[in-house]
Every structure is written in C-alpha cells, then in structure tokens.
Amino acid sequence: MARSLLEVERLGIEFNTRRGTLVAVDGISFEIEEGEVFGVVGESGAGKSLTGQAIIGLLEPPGRISSGRIYLNGKRIDQLPYEELRRIRGKKIGMIFQDPLTSLNPLYTIGKQLIETILTHLPLSHKEARQRALKLLTEVGIPAPDKRIDHYPHQFSGGMRQRVVIALALCADPSLVIADEPTTALDVSIQAQIIALLKRLCEEKGTAVMLITHDMGVIAEICDRVAVMYAGRLVEIGPVAQVVKFPQHPYSQGLMGSIPSLRRRVRRLTQIDGAMPRLNEIPPGCAFHPRCKHSFDRCHKERPKLVETSTTKVACWLYGN
Amino acid sequence: MRGVEGLHGAIRRFFDSDLWYSFTRSKVTVLAALVTLAFILAAIFAPLIAPHDPFDPASLDLMDAFTPPAWYPEGTTEFLLGTDDQGRDLLSTILYGSRISLFVGFASMLFAMVVGVSLGLISGYIGGPIDAVLMRIADVQISFPAILIAMLVDGVARGILPTQRHEALAIWVMVFSIGISNWVHFARTVRGSTMVEKNKEYVQAARVIGRSRPTIMFQHILPNVMGPVLVIATIGLAVAILTEATLSYLGVGVPPTKPSLGTLIRIGQSFLFAGEWWIVIFPGAALATLVLAVNLLGDWLRDALNPKLR
Amino acid sequence: MIALIIRRLFQSFVVMLAVALVAFSLFRYVGDPVSQMVGQETSIADRERLREELGLNDPIIVQFSRFVLNSLQGKFGISFRLGRPVKELIAERLPATLELSLVAALFSLAVGIPMGVYTGLYPHRYLSKFFQAISLIGISLPTFLIGILLILIFGVILGWLPTFGRGEVVKLGWWSTGLLTVSGWKAIIMPAFTLGMFQLTLIMRLVRSEMMEVLRADFIKFARARGLSNRAINFGHALKNTLVPVITITGLQLGSIIAFAIITETVFQWPGMGLLFLQSIQFADIPVMSTYLILIAFFFVLINMIVDILYHIVDPRLRAEGAVV
C-alpha cells in the first residue's frame, strides 16, 4: 500500500499543570497526500496550532505528545532525536507562522537569513545560495530583489515580510509546508494575495500544504480536503467541496453557515450559540453536545467515533452506529 | 458583617491563589520568609531579648573589651559572641543594630515608594510638560548610582546642619537621603503601567461618570499597578538596607554611639589584623543573611507575578 | 550618524549644565564660602572685602557663568580641608581610580557575559543553578564585606596579597600607573575583584533574563522551524538580539563603577578619587565634592555617548533613515 506523505495516528497532546493534566489534543488521525492542500479549521483553542507544532517537533513545554505516532514518507518522526528532527525541519517540512512582523530577526538582513537557511540544508557554496535566495525572492514577488536582499526586515511592509517568510519556508524545497494562520495578522486586502501566492508556489513545486486557519472562506478557496477540529477532537474530515457544501456534523454546519456568500442569497449568517468549553471542562460524551441543537441522550454519555458517510467522515451519533 | 465576610473571602482567595501556591512550592522562599520574619521580630523585641543594652554607656566596661566568643577559652557565656573594642556585647549590638538597619531600610523604602508612586502616577496620567520634566530629572538622576546621591545628600546635610543637630537627626537624614536616591525606579515603573492602564475601559468609564483626577489615579489606577511596585519595594528594601550599611561603613551614616551593622563592621575592620575577627564576621553574617533573605523574597515575587518568565 | 552625534552632544551639554548648577548651588549656598576660607578673627570689613573680591556679591547668573567658565578651565577652587587646589588633588588621584575601574569593568564583562549566556541558554542545568546562587550572594553581600573577607583570607590568613595601597607605581608623564609592576598587579587583584563582583552579578542577571526573553521570541521559533542549528540560533540570532539592552545597561553600570569605587577604595585604602570624596563629605569640603560630582557626570555623559553610538552600530532599525530615535 502506497503510504501518504504525512500520516498522523491517534495523536494526543497534553499539558501538565498544577490543577492536573489537560488534554489539548485527543487522539486525532489524518493523512496528507503529496502536493495536496489540507485545511485544518476550528475555533481558537481547538488544538489546530498545537497539532502543527507537534508534527514539526516544536511543542513548547509543558505541552507534550502523550500518545500516537507521526510518519513522514512512512518514516516515524515523532520520536526522533533532536538533531535528526532538526534536519527535517526546513528541509522536508517548512513552517509559516502567523505574524510576519515578529517572525524575522530584526538584526539580520533578509538575505543573510535566507542564505543561512539554504546553507543549513543544501550543499551549496555561499554564492550559489545567494543566487538561490534571489530567485526565491523573485518567485514570491519581491520587486528589485537584488537590491532588497540586503535590506533589513523593518524596511519591508507586512505583506512583503510575509512573502519573505514564505520564501524562507520554501527555500530548501520541502515536501510539506505547515502554514499556521498565515494571513491573520495581515490587512484584509493583502490576505488574498498571500493565499494565492502560497497556492501557486506550492502547486508549481508540488509542495503539500497543511493550512491551519479559522477562516472558512480561505479553506473553501484553496483546500483540497479539510479537517474540522473541536475541543481537541476531529469532528469531520473530507473533501472540501463536500464539507463546505454538505457539512454533516452540526458543528461544521454551524461553521459553514457563518461564511458570507455572494452567490447564495442568505438573509442572515447563522451563528453557533455558546462557546467552546475550556480544556478542564470538556463535557463527557460528544464535546459539542451542550451547544448542539440535535443532541440526544447518547451524546451526553458516549463519545462518537469517526464514521464514513457517503460524503465525509464524521464523528456524530446522528450518523450510523 | 459584610466586612468580615469580605475579609474571610479575601483570605480564602489568597490561600487559593497562584501566588500562595508558588510560595509554598518553593522551600527556599519559605525559608527566606521565615528568616526575614525572625529578623523583624528580633529587631522589634531587641530590648526584651538582648542580654545587654549596648546604647547605655554606663553599662559598658572597657575591661570587657575584645572578649572572644564564648567557645574560646578566654570567652564567657555572658558575651556569647564576644565584645567589641568598647566592651559592648556583640550579640546585643547586632540585635540593636538590625533594628536600626531594618528601620532605616523600611522607612526609606516607604519614603521612596510614596514619592515614586505618586510622581509616577501623575507623570503617567497627566503627561505633557509635567511628565517631560519629571522624566528628565529621573533620567539624570538614574545615571548616578543611588549610593552617590545618598552620600551627596548626607554631605550637604552635614554642611547645613550644625554638628549637634546632625548627630540627633542622623537617622532621619539617612532615611531621606536613601529614600530620595531610590524613588526613580518606582516612578518609572508606575508611569509605564499607568500609561497602559489609563486607556483601558474602566478608567474611561470612571472619567465619563465624572470622577476627579486624584480619585481616578489613586483609587482606580493605583490598585492595578501595585504588582510591579511590590516587587520593586521588596528588592528596594534589600537595596536600602545595603545602602544604609554601606554609608555607615563609610562613616557617613549613623553616629558610632548607636552602631548599626555597617558601623560595627567598620569598627571591626581595624582589629582584623590583630586576630579579633568576630567583630567583623558576626555583624557581617547577620547583614548578609538578612539581605539575602529579602532578595530571595524579591526574586520569587518577581517570577511569581510575571508568569511569562516561569 | 553625524546628526545623532550632534544631538547627543547637545543633550550632554544640557545635562552637564544641570549638574554644574547643582554643583554651583552646593558651592555657593551650603555653608558660607567666606567663613570656610578665613579664620574666626577676621573682621567683618575684611570678610566683606573678600566677598567682593570673590565676586560673591555679583548677580547669581554672573556667578554661575563664572563658575562654569572656571570649571571649563580646570579651576575648581581650593580644598577647604587640605588648602590645595582641587585640580591638583584630583589629578593625583584620577589614575588610581580609573585603572581600578577599568580592570574591574573588564573583569565583570569578561566573566559576567558568558555566565549570563550560559544560564540563559540552559536554565535547568546544575551549573546554571550554581551561577544563579553565586549571583544572589553577589548582590546580597555588601561590597565592603566582600573586600573585608578577601583581606581576611588572602591578606591576613594566607598572606598572599597586599591588603592596602597600589603597590609600586611608574610615572608616565603626570599619569602614575600600577599596571606596569608586579606589585601593582598584585595590589589591584583584590580591589578589582571586589569592585567588579557586584557589576558582574548585575551583568550576568541582565544577560540571562534578556537571553531568556529573546529565546521566546517568534523569530527564534521560526528559526528553529527552519532547522537552523542550535549554535546558529543561540549564538547568532539570540545573542545578537540581547546585545542592545545589554550594551545600554552595561554602559550605565560601568559608569557607576567609578562611583562605587568609593567603597572599594575605602576598604583597601586605595589612593583614588573616591577616598578623597569620602573624606571631603566627612569634612563638608564643598569644592572637592562639587568637582567630584562634575567629573563623575562628565564620565557618565561620555559613556552614554559611546553607548548610543554602539547601539546604532548594532541595531539596523536605528540606522534607518528617518527612524525615530
């Protein structure tokens, strides 16, 4: 059986605190195929970013992987020693963070930061690395790159800086890029450009993208498949067309109801009443049941498993079993 | 009735708080708190527990001078830690000396706090030219070490006051000079936090309902900027005690008739070469222990109130 | 860069003027300069003539200008206590203080920065905890006590090092240096260690907390996510970013070393300016006090300027055209 690019199996992430252990991510599984754009969506605190950090091995203490396995190209990576994992970061898996303003070292020119990263992963001379950096800057749409390469981050605008960040994430041709809310900190007018750029570049290079966001609009626009997370659990996963148009889980339905659309005439955007539970107050059974209009007895007691429906996989007692 | 319940609630909240939790978790901090408390109690009750009264010249006998500690063959149990060159019992003098050190420390720290916090609030809340002038003064002053400022103030006081008056007022001159040399830290911190707080909604709400400026500053903003002030005050206490000891050691502090720990060390240093080490070492150890304990408390408080650093 | 230097020069000028005003007020209003200079038996008429000669009856602004002009020419008046020109007294003692401060500063930087970096990078290692403990003791033990303990151990008990003075000095023009003789070096070890110890702990704690702060920054996280080596992250990205605040505070600290030298000089009877200042306080010798104040302020202003310039070399954000400083 051909293995996927990335496989995550029953990943669990926990925090040890003085008030006991908090389960932030609770046994989620998914895989990402070569060249695919995979979206992970959910409210803040749902565990999306933690999942991304866990894959690249950068969970910050006291957070830790408590269970599960992560495979890259069929090779298990969640237990690798630090040095080996470091060689994977940037080389096989690139990462883009939320805030381009703070992602770049203010005291180094962008050229130095690019060249440093390229030389870490690729067997090139300094001159070749600079050539490659220039090419990357051109690709991400920085005008006059031969001049800009020697500029410092503060001399760039927010959108331009995020382009530099993308160039940095892609500079060793990784096979997967994890983009954690890459446009949240940017002006709305620039968000679309950055998303389009990311999509185009990854298509050209055949790079898979794991796009973490709370913005359903962005998901609908560029993703191939999407996973919906709620309170550290995966509630629905499937092709984007299905999840967006025919969401099965009541939570996904709520999320999709909140996307404004130009085509459909909807009188009012729907909203989900209530708030996601805090990690120390996750209810028994289905975590969503206190906010769910359809909840019944079983939802309060038993936790639903992901089951295959005609369109997506969904964890809800309304479907099957 | 409500007041009592409020108090109980406050106490319960305190013992349930993260602050108390992190306090009980750190054995070193608990020990430091106990040591500090012991020093404070010893200082308050010095007249009751000290075996002799070192400030009473009539009770001194020069024949007792340079008695070594009790465990030496020449020592006596009457003077557990030995005596100094005047025949003063060292243990009693250390107890009384800690009293002076702690008093000057607390008083000057409080003085610095009141001045610094008030000016910081005014500077941060009102801003404009007042702020500019105050902060310029602070800038200039902070570039001079506190000890130098304290020495200058002390020197000026000596120039202005007649010798007799100066002797009598020496302790208050110390409190003033140490206090005035330390207000800047309070003022800067409070100013910074005030500038953040004053744009928050509760302040604007208070302004909208027509509260006066002083009310807003001292009743609404002040409680919200007290966290860092507490940290600075604790570390400031240690610094003030050290400054007092240093000034006294240098001979510009309290008069030698009422020796503080620093004065004792100054006196003792002359006899170090003759082998009478105890006159330096015991007061030195007491001073170092006290300052170390207060510093440990300050360090802990800073980490506990600044969750980012944990 | 030039604009910066000019602006800084102007600011320094204002600070110096303010300090001069304080020194002048000391000089003019604390005690009566005339009665300090003459004996009890001088007649009132003589005193009045002296007042006139000294210009003490001129308008204050004239007196102040004269004070500033005189100070610029090095005419700082005559010590009440020693009856010699303050300029001479200071010139004799300046080299001792500056050499001591310099050696102490180098020592505290050379040891404090590596210790701070280490404890910042590896806060949970035993060696870090040991350094932390040392630093806490370092700020809790008063400087003079450290000095006395050193004297007791290395001077009295072991007899290895001299307990007071500068040892043999060599004259280089008007400058007398102890750094060219073996006994001079022996004599400076304990005082420099004592003086540097407090600064060392401050520098170590500062570097440590800045290092820990920077290591939490987003750009460090991003650097890790790019797979850069720990070496490049810790000693390149992180260390360089801690430099800016470290330079500032270290600069200020080094300035205060000269003032803290007062204590060390007293403990070791080091014949420097600090000892002179201390004696002048005990005798309310105002001309020496105000001159010392002006001199210290001058060193501060000088150090501050150097710090600012270093700042601009390290941080490109400040170098940018039109950047607000």
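**Exercise 1.** How many residues does the contact take from chain A, and how many from chain C?

*Solution.* The structure is a predicted model, and the answer is read from residue pairs across the two chains. Step one is the count itself: chain A contributes 24 residues to the contact and chain C contributes 19 residues. Step two asks where the residues of chain A come from: helix H2 (82-88), helix H3 (100-103) and helix H4 (110-121) of chain A each supply at least two residues of the side that touches chain C. Among the elements of chain A, H4(A) gives the most to this side, with four residues. Step three sorts the side of chain A that touches chain C by class, which yields nine nonpolar, nine polar and six charged residues.

**Exercise 2.** Describe the side of chain C that touches chain B, by elements and by residue class.

*Solution.* Begin with the count, in which 35 residues of chain C are in contact with 35 residues of chain B. Next, list the elements of chain C that give two or more residues to this side: they are helix H1 (2-29), helix H6 (126-140), helix H7 (143-157), helix H10 (230-268), helix H11 (273-282) and helix H12 (286-314). Of these, H10(C) gives the most, with seven residues. Finally, the classes of the side of chain C that touches chain B are 28 nonpolar, seven polar and no charged residues.

**Exercise 3.** Work out the strand order of the four-stranded sheet in chain A, and place helix H1 of chain A relative to this sheet.

*Solution.* The four strands form an open sheet in the order S2-S1-S4-S5 of chain A, with antiparallel pairing. Its edge strands are S2 (20-32) and S5 (75-76) of chain A, each of which pairs on one side only. Turning to one pair within the sheet, strand S1 (residues 6-17) of chain A is joined to S2(A) by nine bridges in the antiparallel sense, and A:Thr17 has A:Gly20 in S2(A) as its bridge partner. Helix H1 (residues 48-55) of chain A then lies across S1, S2 and strand S4 (63-72) of chain A, and runs at about 110 degrees to S1(A).

**Exercise 4.** Trace the eight-stranded sheet of chain A, and decide which strands stand at its edges.

*Solution.* The order of this open sheet is S6-S7-S8-S3-S9-S10-S12-S11 in chain A, and the pairing is mixed. Strand S6 (93-96) and strand S11 (307-308) of chain A each have a single partner strand, so they stand at the edges and one side of each is left without a neighbour in the sheet. Following the order from S6(A), one finds that S6(A) and S7(A) pair in the parallel sense over four bridges, with A:Gly94 opposite A:Val177 in S7(A). Strand S7 (residues 176-180) of chain A is in turn joined by five bridges to strand S8 (residues 208-213) of chain A, again running parallel, and A:Ala179 stands opposite A:Leu211 in S8(A).

A last step looks at the two faces of S6(A). In a regular strand the side chains alternate between the two faces of the sheet. In S6(A), A:Ile93 and A:Met95 lie on one side and A:Gly94 and A:Ile96 on the other, and all of these residues are buried, so that both faces are covered.

**Exercise 5.** Characterise the build of chain B.

*Solution.* Chain B contains 14 helices and zero strands. Of its 310 residues, 47% count as buried. Among contacts in chain B between residues at least 6 apart in sequence, 69% join residues at least 24 apart.

Terms used. Residues numbered from 1 in each chain as written. Chains lettered and ligands numbered in written order. Predicted model: local features only at pLDDT ≥ 70, side-chain atom pairs only at ≥ 80, totals over all residues. Pairing = 2+ DSSP bridges. Contact = placed C-beta atoms within 7 Å. Axes fitted to C-alpha atoms, helices over the stretch in contact; angles between N-to-C directions. Buried ≥ 20, exposed ≤ 12 C-beta atoms within 10 Å, placed from the backbone. Nonpolar A, V, L, I, M, F, W, Y, C, P; charged D, E, K, R; others polar.
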